[in-house]
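Colleague: I'm new to this structure and would like a close look at a single part of it. Could you pick one helix and walk me through what lies around it?

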Amino acid sequence: MSRGSGRVTEHGTVTMRDEIAQHQPHERLARYLAGDLAAVNELIRARMHSEHAPRIPEVTAHLVEAGGKRLRPMLTLASARLMGYDGPFHIHLAATVEFIHTATLLHDDVVDGSEKRRGRPTANLLWDNKSSVLVGDYLFARSFQLMTETGSLAVLEILSRAAATIAEGEVLQLTAATDITTDADVYLKVVRGKTAALFSAACEVGGVIAGAGADKVEALAAYGDAMGIAFQIADDLLDFWGDEGIGKNKGDDFRDRKLTLPMIKAIAAADAGERAFWDRTIEKGRQDEGDLDEALRLMEAHGTLEATRSEAMGWSARAKAALEGLPDHPIRHMLADIADYVVARLS
């Protein structure tokens, strides 16, 4: 199905994006987990408090309470409930996941020099870089406190490994983003680090705390990994397709010299003249007016936008396939719908 195509009804063409958007599966899951999410929010507010450094809750609250979907902590709650957990520690783990995510956002905005996050000024802009980095460090420390309170060495190992993978992915991106020899394998390593690692760990620890069998825990981790990859590939593709509704400015990644899969595929297929264009605009950073249009023309000519869309859809399908051996439960079906939702923006 090409972008924009879909099912025809008496009222016109209905795309997968339209169908999924009407139901917002993450919102359905949030309603299903409303009690647990309220407990997570209460724990987050309690643990981001600092008696001696009031800037910590100020900076943290600016980002935590900015209206994000809370998708990552919801995955932890959902995975635990899907596996029949009825104890208290999935709340701790969900808060841990949100603290790790928030800490990485604070650090990322400093590294990238970002000025907006979720439509609001970033913490580093409102306060300063030092505050953002140090508050991010505080949240990492709080996340490890929460992990240890579960008494599970397994979840400590999973989440600490994820935190290391996230940092590794960000460092890899620093060198790979402007290197036109970067290939799809390196891109995937970056995506697994910066996005999929936490999605996967969020699901995995939910299964572990519930005492699920190794095969079920592995399936949950595989779901989170595939969904995280689909999510990031879709996000990178939308940078070129553009959609004001999701807050993307067309071509930001190109202007920022950040190689993503559509560009990597175009460079792999480039002739000598085209490669010189990518070398000038990405590796050397000399961009002129009209270069974004030329980049889009080259990606269209080599079919890399559609090829990237196909890869995102493929990872979404892998995420849904990973759920097939898990209990038949409303949560499982909502998780499958979320896998569709993360790529529905491309339809």
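Modeller: Here is a walk along helix α9, starting with the whole protein and then moving out to the spaces and neighbours around the helix.

Keep in mind from the start that this is a predicted model. The protein has 17 helices and four strands. Of its 347 residues, buried ones make up 52%. The accessible surface is about 15300 Å², and carbon and sulfur atoms account for 50% of that. If you look at contacts between residues at least 6 apart in sequence, 74% of them join residues at least 24 apart.

Now to α9 itself. This helix has 24 residues, and from its first C-alpha to its last it reaches 34 Å, close to the 34 Å expected at 1.5 Å a residue. Which of its residues are buried? They are V155, I158, L159, A162, A163, I166, G169, E170, Q173 and A176. You may notice a rhythm in that list, and there's some background that helps when reading it: an α-helix has 3.6 residues a turn, so residues three or four places apart point the same way. As for what those buried residues meet, they pack against α6, α8 and α10.

Let's take α8 next. It covers residues 129-149, and at 1.5 Å a residue its 21 residues should span 30 Å; the end C-alpha atoms are 31 Å apart, so the two agree. Its buried residues include V135, Y138, L139, F140 and L146, along with S131, S132 and S143. R142 is also among the buried residues of α8. Just after the helix comes G151, with a positive phi of about 70°.

F140 brings us to an open space beside α9. The second largest pocket has a volume of about 170 Å³, and F140 is one of its lining residues. From the α9 stretch, the lining takes A163, I166, A167, E170, V171 and L174. With those six residues, α9 gives the most to this lining. Both α6 (89-112) and α9 (153-176) supply at least two residues each. T104, H107, D108 and V111 are in the lining too. By class, it has seven nonpolar, two polar and two charged residues.

While we're on α6, have a look at E98, which sits in that helix. Is it buried or exposed? With a relative accessible area of 3%, E98 is under the 20% cut-off and so counts as buried. Leaving aside neighbours within four places in sequence, E98 is in contact with I44, R70 and P73.

α9 also helps to line an enclosed space. How many cavities of 30 Å³ or more are there? The count comes to one, and about 110 Å³ of space lies in this largest cavity. If you wonder how such a space is found, rolling a probe the size of a water molecule over the atoms shows where empty space is left. The cavity is lined by 13 residues, with Q173, Y187, V190, L259 and T260 lying nearest its centre. Q173 is one we've already met, among the buried residues of α9. Helices α9, α10 and α11 (214-241) each supply at least two lining residues, and the largest share, four residues, comes from α10. The lining divides into six nonpolar, four polar and three charged residues.

T260 is worth a stop. It lies in the loop between α12 and α13, and it is buried, because its relative accessible area is 2%. Not counting residues up to four places away in sequence, T260 touches Y187, D236, F240 and D253. Y187 turns up again here, as one of the residues nearest the centre of the cavity.

R257 is in that loop as well, between α12 (252-255) and α13 (261-268). Its phi is near 60°, a positive value in a residue other than glycine. For background, most residues other than glycine have a negative phi. R257 counts as partly exposed, because its relative accessibility is 27%.

Last, back to α10, one of the helices that α9 packs against. D185 is in this helix, which runs over residues 184-209. D185 is exposed, because its relative accessible area is 56%. D185 and L261 are 76 residues apart in sequence, while their C-alpha atoms are 10.0 Å apart in space.

Terms used
Residues are numbered from 1 along each chain as its sequence is written. This is a predicted model: local features need pLDDT of at least 70, side-chain atom pairs count only at pLDDT 80 or more; totals for chains, interfaces and linings use all residues. Side-chain values use heavy atoms; hydrogens and water are left out. The expected span of a helix is 1.5 Å times one less than its number of residues. Buried means under 20% relative accessible area, exposed over 50%, partly exposed in between (1.4 Å probe, protein chains only). On a 1 Å grid over the protein atoms alone, a cavity is a set of points where a 1.4 Å probe fits but cannot get out, and a pocket is an open set with protein on both sides within 12 Å along at least five of seven lines; lining residues have an atom within 4 Å of a point. Grid points are joined across faces, edges and corners, and a volume is the space filled by probe spheres set on the points. Ala, Val, Leu, Ile, Met, Phe, Trp, Tyr, Cys and Pro count as nonpolar, Asp, Glu, Lys and Arg as charged, and the others, Gly among them, as polar. Contact means heavy atoms within 4.5 Å. Accessible areas come from the Shrake-Rupley method with a 1.4 Å probe; for residues, only the protein chains shown count as cover.
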